[in-house]
Amino acid sequence: MLNGNILNVENIIGNGAASSLTADNVANTWVISSENDGTVAGISFVDFSNLNGGTDTDDFTLNGGSVTGIVNGGGGVGVNSLTANDAANSWNILSADSGNIVGDVALFANIANLTGGSFADTFVLNGGSISG
């Protein structure tokens, strides 16, 4: 977990397969720039397949990246969002505020707002719903 007790860190490295990164309980902006790599709170991360937001608003943006595990917005007072890569994306909404983006995000959960790219995105409700 990122918190005020960690100082002067520039990079965090996971093991790729099952590493989880959980952000602080503040508003966070996540940018995923390659497979399981990106930035959050000004810190670069590498090889984290599971990304977990805190209890405030978490905004996840795919900028050429993908996540092989879960993007979890976390609970709390914030409204979490996920913005897909600027491509033709296929979204499956599988349960309340949860689903996947074929080829880019294996699973997302606790995400109320979804934003596609500038190409034709497909959203399929497979027993799910989005609250945002």
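Colleague: What share of the contacts in the protein with a separation of 6 or more comes from residues 24 or more positions apart?

Modeller: In this model, which is predicted, residues 24 or more positions apart account for 54% of the contacts with a separation of 6 or more. The chain behind that value has 14 strands and 0 helices, and its elements therefore read as β throughout, from the N terminus on.

Colleague: What makes the radius of gyration of the protein agree with that of a compact globule?

Modeller: For 132 residues the globule rule gives a radius near 14 Å, and the protein has 14 Å, so the two agree. Along the principal axes, the C-alpha trace spans about 40 × 30 × 25 Å. Buried residues make up 44% of the 132 residues, while the accessible surface comes to about 6,300 Å², with 51% of it belonging to carbon and sulfur atoms.

Colleague: Which residues touch the most other members of the largest nonpolar core, and which strands supply at least two residues each?

Modeller: That core holds 21 residues, and Trp30, Leu51 and Phe108 are the ones that touch the most other members. At least two residues of this core come from each of strand 3 (28–34), strand 7 (58–62), strand 8 (67–72), strand 10 and strand 12. Leu51, leaving out residues up to four places away in sequence, touches Leu21, Trp30, Ile32, Phe45, Phe60, Val67, Ile70, Val71 and Asn72. In soluble globular proteins, nonpolar side chains tend to be buried together.

Colleague: How many aromatic pairs does a search of the whole structure find, and why is the pair of Trp91 and Phe108 called edge-to-face?

Modeller: The search finds 5 aromatic pairs. For Trp91 and Phe108, the ring centres are 6.1 Å apart, which satisfies the limit of 6.5 Å, and the planes stand at 75°, which is over 60 degrees, so the pair is edge-to-face. Trp91 belongs to strand 10 (residues 90–95) and Phe108 to strand 12 (residues 105–109), so that the pair links distant parts of the chain, 17 residues apart. Trp91 has a relative accessible area of 0%, which is under 20%, and therefore counts as buried; Phe108, also at 0%, is buried as well.

Colleague: Why is the pair of Trp91 and Phe123 called stacked?

Modeller: The planes of Trp91 and Phe123 differ by 15°, which is under 30 degrees, and their centres are 5.0 Å apart, so this pair counts as stacked. Phe123 lies in strand 14 (residues 122–125) and Trp91 in strand 10, so the pair ties together parts that are 32 residues apart in sequence. With 41% relative accessibility, Phe123 falls between 20% and 50% and so counts as partly exposed. Elsewhere, Trp30, Phe45, Phe48 and Phe60 are linked into a cluster by ring pairs.

Colleague: Is Asp37 buried or exposed, and what does its side chain reach?

Modeller: Asp37, in strand 4 (residues 37–40), has a relative accessible area of 17%, which is under 20%, so Asp37 is buried. The side chain of Asp37 reaches the backbone nitrogen of Asp47 at 2.8 Å, which lies within 3.5 Å and so makes a polar contact. Beyond four places in sequence, Asp37 touches Val31, Ile32, Phe45, Val46 and Asp47.

Colleague: How do you know that Ser19 and Ser49 come together in space, given that they are 30 residues apart along the chain?

Modeller: Their C-alpha atoms are separated by 5.8 Å, and Ser49 is among the contacts of Ser19, together with Gly14, Asp47, Phe48 and Asn50, once neighbours within four places are left aside. Ser19 sits in the loop between strand 1 (11–13) and strand 2 (20–22), and its 11% relative accessibility is under 20%, so Ser19 counts as buried.

Colleague: What sets the phi values of Ala41 and Asp97 apart for residues other than glycine?

Modeller: Phi is positive in each: near 55° for Ala41 and about 55° for Asp97. Ala41 is placed in the loop between strand 4 and strand 5 (43–46), and at 56%, over the 50% limit, Ala41 therefore counts as exposed. Asp97 lies in the loop between strand 10 and strand 11 (98–101), and at 15%, under the 20% limit, Asp97 therefore counts as buried.

Key
Residues numbered from 1 in each chain as written. Predicted model: local features only at pLDDT ≥ 70, side-chain atom pairs only at ≥ 80, totals over all residues. Heavy atoms only, no water. Helix = DSSP H or I, 4+ residues; strand = E, 2+ residues; numbered from the N terminus. Rg over C-alpha atoms; globule rule 2.2 N^0.38 Å. Buried < 20%, exposed > 50% of the residue type's maximum accessible area, 1.4 Å probe, protein only. Contact = heavy atoms within 4.5 Å. Areas by Shrake-Rupley, 256 points an atom, 1.4 Å probe, with all protein chains shown as cover. Phe/Tyr/Trp six-rings, centres within 6.5 Å; stacked < 30°, edge-to-face > 60°. Polar contact = N/O pair within 3.5 Å; in protein donor to acceptor, adjacent residues only side chain to side chain. Core = buried A, V, L, I, M, F, W, Y, C linked by side-chain atoms within 4.5 Å.
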